[in-house]
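Thanks for sharing this one. I have put my comments into numbered points, so you can check each against the coordinates as you go.

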Amino acid sequence: MQIVFENVNYVYGSGTSFEKHALKDINLKINKGEFIGLIGHTGSGKSTLIQHMNGLMKATSGKIYFNGDNIYHKNYNMRQLRNKVGLVFQYPEHQLFETTVFKDVYFGPKNLGLEKLEADLRTYEALKMVGIGEDLLDASPFELSGGQKRRVAIAGILAMKPDVLILDEPTAGLDPRGRDEILDQIAKLHKESKITVILVTHSMEDAAKYVDRLLVMNQGRLAMDEKPDKVFSRYKELEEIHLAAPQVTYVMNALKEKGFSLNPDVTTVSEA
Ligand code: ADP
């Protein structure tokens, strides 16, 4: 699995008074098995960027390749791309609609035209992957806690067996317990299945704790693309683009736990 962006630009409302150049010359390569964080101030282009990865939005100019194939080629199978690159929007639980947890997750694989046995299997597996136990299979999704609902919604995407899982602020609006449940489960899933994960977050703490590589967006540009310790050591630039880490000490500890070396400059900041 590989996704490549070559000089990708996207302009909203081209030629109107609302024109907005939301992606500017993005060059990017995402490889199999990576756990990538995507951070950036509100309006920096994160959500526009991820919607290009599975073909939901089409670049105004530039090229995108999935496994070496140009996704804008006229014979390209976009539908398949959308199944391979699973995109979990913010508040995905708003899309839950079936009467039971099982049926909700089953909906996707069923519509792929799979044999019933295969669709059943995928449903069980996906629910297991997000840590939803069998006791909840027949529950109504609406009886679940916020964190559980969200995990069921993520299972619905996993049941499509994507190669890449993109999560847009998966912890938004959850209490601390729900947040930890989701992120720990995603980290476990990444470790066990080697699925590529792209996590959009505004939490520097989560970025430090979970990801191996950080993409930083600023005003439509990819401002940084480095390991988290390298990104955090450029804290002055981060501040300039309104991304100062609110809890530097926490970030440093999380990085240390992951075996990253620390930049002494940054430790000074935690005491400032
Ligand atoms: P982020 O996800 O980082 O908050 P977005 O990708 O949503 O950023 O937005 C990038 C820029 O594009 C922002 O300036 C935003 O106002 C603008 N934008 C987003 N969606 C639209 C739209 N549908 N029409 C016009 N401008 C938009």
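1. A good place to begin is the inward-facing part of α4: its buried residues are R122, T123, A126, L127 and M129. They span an arc of only 155° around the axis, which means that they sit on the same side of α4. As a reminder, an α-helix has 3.6 residues a turn, so residues three or four places apart point the same way. Please keep in mind that this is a predicted model.

2. What do the buried residues of α4 pack against? Their partners are α3 (101-111), α5 (146-158) and α6 (176-193).

3. The helix itself covers residues 116-129, 14 residues in total. From first C-alpha to last, α4 reaches 20 Å, close to the 20 Å expected at 1.5 Å a residue. Just after α4 comes G131, with a positive phi of about 75°.

4. Turning to α3, this helix holds K103. Is K103 buried or partly exposed? K103 has 17 C-beta neighbours inside 10 Å and therefore counts as partly exposed. From K103 to G13 the C-alpha distance is 39 Å, with their positions 90 residues apart in sequence.

5. For the ligand site, 13 residues surround the ligand, and Y12, A22, K46, S47 and T48 come nearest. Both β2 (20-31) and α1 (46-53) supply at least two residues of this shell, and α1 gives the largest share, 3 residues.

6. On the chemistry of the shell around the ligand, I read 8 polar residues, 3 nonpolar and 2 charged. You may like to have that split at hand when you look at the site.

Note on methods:
Residues numbered from 1 in each chain as written. Predicted model: local features only at pLDDT ≥ 70, side-chain atom pairs only at ≥ 80, totals over all residues. Helix = DSSP H or I, 4+ residues; strand = E, 2+ residues; numbered from the N terminus. Expected span 1.5 Å × (residues − 1). Buried ≥ 20, exposed ≤ 12 C-beta atoms within 10 Å, placed from the backbone. Arc of directions from axis to C-beta. Contact = placed C-beta atoms within 7 Å. Near = placed C-beta within 6 Å. Nonpolar A, V, L, I, M, F, W, Y, C, P; charged D, E, K, R; others polar.
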